[in-house]
Every structure is written in C-alpha cells, then in structure tokens.
Amino acid sequence: MSDTTRSTEYHKLKNRLFFIGLVLDCLLLLVFFFSGLSALLKSFSFSFSDYKLIAYAIYTVIFCVGFYLIHFPLHMYSGFIWEHKFSLSNQSFGAWFKDDLKGALLSLFLALILVEVIYMFLGRFPQTWWVAAGIFWLFFSFILAKVTPDVIVPLFYKYEDIDNSSLKERIFKLFKQCKVSLKNIYAIDLSTKTKKANAFMCGLGKNRRVVLSDTLLKDFSEEEVEVVVAHELAHYKHKDIIKLLMANGVVIFIGFFLIHLYFRYAVDAYQLSGLDDIAFLPMVLLVFSLFGLVTTPILNSYSRAIER
C-alpha cells in the first residue's frame, strides 16, 4: 500500500469517527434532556447546596464525567488503536490513558470556568448576556494562549534545549530579519508519543517561543526545518492569528445570539425556571454542536485559504 493510499485510509476513518461522535453527542444530549435525566441531575446537584455556583459545578462535573465514559471506547479506538494500526504511536496503553485523562481533567476545568461565568451572565443580564459571554469567550481565549507555553504544554511534553547551534542561529536570524521578538527555541519530546513531526509558535510578545518536535529535528534537514518555522512566522507577519481570532469571534457572537433567541422560546416551552436553568445545558450544547456543523467547514475553508 502506497503512502498516499495509507494516508487517505487513515484520514477517512478519522473523519468517519468524528461524524459518528457528533451524531452520538446529539442523540445523547436529546435523550438526556427530554428523558428528564437533566432535571434529575439538577435536583441532585441542588440537594448539596442552594448556592447556584456550587450546584452548577456539581452538575457540570457529573455531566462531563458521564459523557467522557460513554465516549471512551470510540475515543480509544480513534486515539490509540487506529494510531497503532498505522504505526504512528509510540505510546503504551498506560501512557496514552494517562495523557488522555490529563486532557479530560484539563477540559473539565475549562468547562467549569465557562459554565460558571456564562450562567452568571444568564442570571444577571438576561437581555444582553450573549454580548457579555462573547466578550468573555474572546478574553478567555487570549488568556489561554498566554498561559499555554508555561502551563499547558509542560503537562504533556518536556521542554529540552536544542544542541544544534547552527539551526538556532538560522531561526533567530529569520526572526530578526522580520523584526519579531523571540524568547527562545525549544524541542519537545514528541517521539515519546508519536512518529509524527510538528513545529509551532506559542506565547505572545516577549514570551513568544518556537517549539520544534524532536522527530522534526531528527528526520528533517536544517533547511527544511527553517522553511517550516518560516511558514509559522509568516502567519504572524500576515496577522493571520488576528484574522482567525476575529472570524472565530464573529461566529461565537452569532452562536450565542442564536441561543439567546432559542432561550426566549424555550423558557415557556420547556417550563424552565429561568434563562440560567442548568437543566437546559444539554440543549444549549446541542445548538452549539449543530451550529458548529455549519460554521466549521466555513472557518476551515478560510483557514485553508490562509495556509495557501
């Protein structure tokens, strides 16, 4: 089997699993809400505390853990079994599961922040909550980008110094020519997890750094690595990150506004206690999922155009 054929087969299954997961999500969200399970989980959460923020946190944790467990077989097949079938993963099941669990806990932590803040806006600003939520989402994304190099990346990879002084000189010279500040150049031990190669820029301003995978350093020449870094640097020089952030911001605001319109109908139709009724969270997520199904191809097309 040729590399092209193998690549096509690999991505075809990945795409198929994505849509299977999406359909599964939609069905689970519908069943969870209309069966009354969401209302029961809400009552259970408030049995521990009448304070909304605590009850919402309990609801969110149980809800997210439940979905993680239901999705786990599909996720394991896509992220572990399929990667090993194509000889792309270097991880044992134990190492993969440890990383997956860390990722799930990180996602849970971020979900708790988003749910608590957005539902606070729903309770305090019933008419304009979607504006406040959109602004917070953009701010949250900015903060996440800021802390990623120092907080999130080290959770999964170990930073290492690059011994190749010639390559470092090439990259620093490239940034200097483009008048872009660069804190340092690091390698990460990607080979402990996969055979894939990667490189990226992360951080903002003086905290900006270039991160190269050890697989890239091992299997590519200095000239090839420089071209890969130049590609990432060009995104910054062309302000592509800002363009994509603005495009995503527009989509997020539209998504929140559509949910706001849906809320105006849903409060009476489903006899909700108010806009900030946590039992309605599954339907909010369902609207976002369906909205994302429409907008993701548009955003991906824009991203591809930028890449070209």
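These questions and answers look at helix packing and salt bridges in a predicted model.

Visitor: How are helices α5 and α9 oriented, roughly parallel or roughly antiparallel?
Guide: Helix α5 covers residues 129-156 and helix α9 covers residues 240-269. They pack at an angle of about 150°, with axes 9 Å apart. Angles over 145 degrees count as roughly antiparallel. That makes α5, relative to α9, roughly antiparallel.

Visitor: How many charged residues are in the contact of α5 with α9?
Guide: Residues making the contact include Trp-129 and Ile-135 of α5, and Phe-253 and His-260 of α9. By class, 14 are nonpolar and three are polar. The number of charged residues is none.

Visitor: Is Glu-83 buried or exposed?
Guide: Glu-83 lies in helix α3 and forms a salt bridge with Lys-196. The closest N and O atoms are 3.4 Å apart. Buried means under 20% relative accessible area. Glu-83 has 8%, so Glu-83 is buried.

Visitor: Which residue meets Lys-193 in a salt bridge?
Guide: Lys-193 sits in the loop between β2 and β3. The partner is in helix α4, 94 residues apart in sequence. Both residues are buried. The N to O distance is 2.6 Å, and the partner is Asp-99.

Visitor: Which residues join Arg-170 in one network?
Guide: Arg-170 is in helix α6 and Glu-223 in helix α8, so their pair ties together parts 53 residues apart in sequence. Their side chains meet at 3.2 Å, N to O. Salt bridges that share partners join Arg-170 with Glu-222, Glu-223 and Glu-226.

Methods:
Residues numbered from 1 in each chain as written. Predicted model: local features only at pLDDT ≥ 70, side-chain atom pairs only at ≥ 80, totals over all residues. Heavy atoms only, no water. Axes fitted to C-alpha atoms, helices over the stretch in contact; angles between N-to-C directions. Helix = DSSP H or I, 4+ residues; strand = E, 2+ residues; numbered from the N terminus. Parallel < 35°, antiparallel > 145°, perpendicular 65-115°, else oblique. Contact = heavy atoms within 4.5 Å. Nonpolar A, V, L, I, M, F, W, Y, C, P; charged D, E, K, R; others polar. Salt bridge = Lys/Arg side-chain N within 4 Å of Asp/Glu carboxyl O. Buried < 20%, exposed > 50% of the residue type's maximum accessible area, 1.4 Å probe, protein only.
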